[in-house]
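Colleague: I'm new to reading structures, so could we go through this one together, a bit at a time?
Modeller: Sure, have a look at it and ask away.

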Amino acid sequence: MVIHLPYSIRMKTLLPFLALLPLQAEPLFEITKHPNPVAIDPQIGGLTILPDGRVAAAFHRGEILFYDPSSSSWTEFARGLHEPLGLILDGDDFLVMQRPELTRISDTDGDGLADSYLTVSADFGMTGNYHEFSFGPAKGPDGSYYVGLNVASNGAGIREEIRGQWSEIGDLNQEQMTNPSKEQWTKIKGSAGRMYSRVPYRGWILKISPDGTTTPFASGFRSPDGLGFDAGGKLLVTDNQGDWRGTSPLYTVEEGKHYGHPAALVWRQDWDGRDPLKVPVEELDALRTPASGLMPQGELANSPSQPLLIPDSWGPYAGQILIGDMNQKQLVRYLADEVNGFHQGATLPFIANHPKLGNGNHRFAFDQDGTLWVGKTHLSWAGAEGLLSIKAPPADIFTVTSCKLGKEGDHQTFTLTFSQALADDPESPAIKRWRYHYHAKYGSDKVDTTNVPVRGHHLSPDGKTLTLTLDVAKGYLHELDLTGLRSKTDQEIEGSRLYYQAVEVPE
Amino acid sequence: MSLKSYPPLFALALFCQPLTGEDLLSTGQEQFQTHCSACHQPDQMLVGPSMIEIAGLYREDLPGFLKWCNEPGKKRPNAVEMPAMSHVGDENLKAVHAYLLKATEGKKEKAVPKGKKYDFYPSIATRPIVQRFFMPDSSPASIAVALPGGNDDLNFCYDTAQCRLRYVWKNPDFLVGWYYWQSNGNAKVNLKGEVIYREEEPPFTVSGTEQESEPKFLGYTLDSSGIPTFRYQWNGATIAERIVVSPDGDSLERHFKTESANKLEPAPNDQNTVQSTQADELVIDLKW
Ligand code: HEC
């Protein structure tokens, strides 16, 4: 968004800074905004690439259109869908996750328009609450499709008719929650749970096999607006800051595990029927598998979206994970590590401070040339609209390519690997740590923030590996401020703050 | 961009506390861009009210502004809740306040008529139309269909949870979708037309089966003119259902076909009369 100030104010305001700022180099990433389709609400819920290089996008009001980059033009393929929030190509068919079902869409008569909309799975409940979004699918190495089901929000009640079995667990009964008047709902909504799961598998990841067999896979999600697989075939799912989410997490999801949002517990087969909101927090805490990565609210991400594996064409970024966000005008990068068998790692800002990126970055796909396509949406929250593309960056870009937590005597080490040799004699990055509350309240302040002294550092002879010795605290997010690190070739670092989540510390 | 990643500005902020004049305005602009601009546009309501509206409300009321930002309330019925901005800090919020007043000087709010952006929508402009929505008086997994034929004003609601026709309404313009589409799904569409028929159960039963099962929706296909055929399983039968406007235009022709050995037994009533019944297809005429 451009703020129009009178020219005189703008110049006068900027002058003192111009003197202080280093000259802004050409942005490292080349971003192009593409035209929106005519007379279509250009909020993009799903994005994928066709074998011929065209870009398929699913829109808020239910259309799927193809964008041809060579002619900058759109053609329609399908319509009629219900808030599609994920689109993949599966052989010759499209799979789209819409509010009520996972659907296989195809053009059987070859006229270029979809004519077959087959239900792959609708084996989950809906109360009609607006927040019960359906996300995905991501196709796993096992050939199954993985989807995420948002819990309902007590911003509203439920509708007269629901789909699926009603759970009696909770202070409010179905009648009280059905289509309440504003006044009535304001009085009782506190008893609903801030986000609630009263029909099956809200707050779950489902696994759906191509024949439609649907298995509840993992519980404990709030708003899992992003599913993807890493290079090793592990399922990654993001979630949004809110109740039971001190700040937005990235999870490495395994079958049968629980990921912290308690509303979903009522649909576990082994659940004893208690209201999860009345279970002591320590007990809930013990049930959950912690996040692999955390994205500090307001700094890195507020409402993260899709995680996606970065291809080889992106040089130093290859094999890492990019993550979108609705609020921040940047993306996020995740560098994976493994400690004591647990998958954890570091998050960093990605493509930050770029004048053309903007916010609302929701769905992603890399095309055959390695160009990254970005679909934006907002659904009346923070965000934007339309389609961007980002060219693969220059191969000599200077950035951190990995961050590993290790051990050295009685202390720990962070070993940072860089894509370019560091300038001689770098300063140790300043390190801080804090953690977040796990509680029913919305979000969390940073807790127990302290500076962490660096006991020493060592630069490898090739200048590409920097090892920092320090004391790492279990359960804390460690922020490494890399501002000011420069390469031998005198480039500034891309991604200057790194947040490592130390769930496990080497023994 | 946080202050920390912007050392020159940070340094400047430290040297001249409290901020005054142009430094105050530039900090305000910087902070506004970082924390507020995603939801607040200069001259029209986006997610939240415009900068102009905010400046108007809080011109003389800095304490009220700070209070709202640190602990936002719920005021506008159609808006989402604003997240608390306490992490920005009062000093920065004061700068945002100063910037808001300055940047909106002499500017006027752009009028955006309610619903205008959503009134006409091409993908639901030409019959036949098959579009999923949150519909009144049906399950949350329902499909709205506008049929061509007759006076081009017949529409029906098909429920994919119960796999059956729920009602028929008359509206040459189909319905108004923007109630549902305008934001995040917290409203149903408005039919803007008279419901001329409602149905409590299907006008047939499945015979030759002991099996009882809940209906299970299998999806739909569109013929070359765009008319849908719904498919589902019910009590052991796989059934294809298609509804069209009859040739004389004053009734609906309902075709039910089995793709299994079971036979469909018509259950006619005042409005539904059997037109033909064959081994694998039942045709029923619906009048209202
Ligand atoms: C995620 C979206 C979002 C962000 C970010 C946001 N706001 Fe808001 N803001 C809203 C919404 C929505 C409303 C209207 C809430 C209502 O009326 O219920 C609002 C309303 C306001 C109001 C009007 C209060 C009144 O009395 O009517 C002020 C002032 C305001 N915001 C200031 C700010 C400032 C300053 C920032 C940045 C520091 C900010 N907002 C960031 C969404 C946002």
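Colleague: Let's start small. Is Asn173(A) buried or exposed?
Modeller: Keep in mind that this is a predicted model. A residue counts as exposed if 12 or fewer other C-beta atoms lie within 10 Å of its own. Asn173(A) has 11 such neighbours, so Asn173(A) is exposed.

Colleague: Where along chain A is Asn173(A) found?
Modeller: Look for strand S12 (152–153) and helix H2 (174–177) of chain A. Asn173(A) is found between those two elements, in the loop.

Colleague: And how far apart are the C-alpha atoms of Asn173(A) and Ala192(A)?
Modeller: Along the chain, these two are 19 residues apart. In space, their C-alpha atoms are separated by 9.2 Å.

Colleague: Which UniProt annotation covers residues 75–197 of chain A?
Modeller: Over that stretch the chain is 9% helix and 33% strand, with the end C-alpha atoms 39 Å apart. The label comes from an unreviewed UniProt entry, which gives "domain: DUF7133".

Colleague: Which strand supplies the largest share of the side of domain 1 of chain A that touches domain 2 of chain A?
Modeller: The domain assignment of chain A gives domain 1 (26–390) and domain 2 (400–502), and 29 residues of domain 1 of chain A are in contact with 24 residues of domain 2 of chain A. Helix H4 (281–287), strand S19 (293–295), strand S22 (331–339) and strand S23 (342–350) of chain A each supply at least two residues of the domain 1 side. The largest share there is six residues, and it comes from S23(A).

Colleague: Over to chain B. How far apart do the C-alpha centres of domain 1 and domain 2 of chain B lie?
Modeller: Chain B has seven helices and 13 strands. Its domain assignment gives domain 1 (3–103) and domain 2 (117–286). The C-alpha centres of those two domains of chain B lie 51 Å apart.

Colleague: Where the two chains touch, which element gives the largest share of the chain B side?
Modeller: The contact takes 44 residues from chain B and 49 residues from chain A. On the chain B side, helix H1 (7–15), helix H2 (21–35), strand S1 (129–133) and strand S7 (216–222) each supply at least two residues. By class, that side divides into 24 nonpolar, 18 polar and two charged residues. The largest share of it, six residues, comes from S7(B).

Colleague: Which residue in S7(B) does Tyr117(A) stand opposite?
Modeller: Three bridges join S7(B) to strand S9 (residues 116–121) of chain A, and the two strands run antiparallel. Across that pairing, Tyr117(A) stands opposite Tyr220(B).

Colleague: Now the ligand. Why is its site shared between chains?
Modeller: In chain B, helix H3 (51–58) and helix H4 (62–70) each supply at least two residues of the shell around the ligand. But the residues that surround the ligand come from more than one chain, so the site is shared between chains A and B.

Colleague: Which residues around the ligand come nearest?
Modeller: The shell divides into 19 nonpolar, three polar and three charged residues. Of the 25 residues around the ligand, the ones that come nearest are Cys36(B), Cys39(B), Gly48(B), Lys75(B) and Met82(B).

Conventions: Residues are numbered from 1 along each chain as its sequence is written. Chains are lettered from A and ligands numbered from 1 in the order in which they are written. This is a predicted model: local features need pLDDT of at least 70, side-chain atom pairs count only at pLDDT 80 or more; totals for chains, interfaces and linings use all residues. Helices (H or I, at least four residues) and strands (E, at least two) are DSSP runs, numbered from the N terminus. A residue is near a molecule or strand if its C-beta atom, placed from the backbone, lies within 6 Å of it. Ala, Val, Leu, Ile, Met, Phe, Trp, Tyr, Cys and Pro count as nonpolar, Asp, Glu, Lys and Arg as charged, and the others, Gly among them, as polar. UniProt positions are given in the numbering used here, feature names are shortened, and annotations may be inferred rather than shown by experiment. Two residues are in contact if their C-beta atoms, placed from the backbone, lie within 7 Å. Two strands pair if DSSP finds at least two bridges between them. Domain bounds come from an automatic or database domain assignment. A residue is buried if 20 or more other C-beta atoms lie within 10 Å of its own, exposed if 12 or fewer, and partly exposed in between; C-beta atoms are placed from the backbone.
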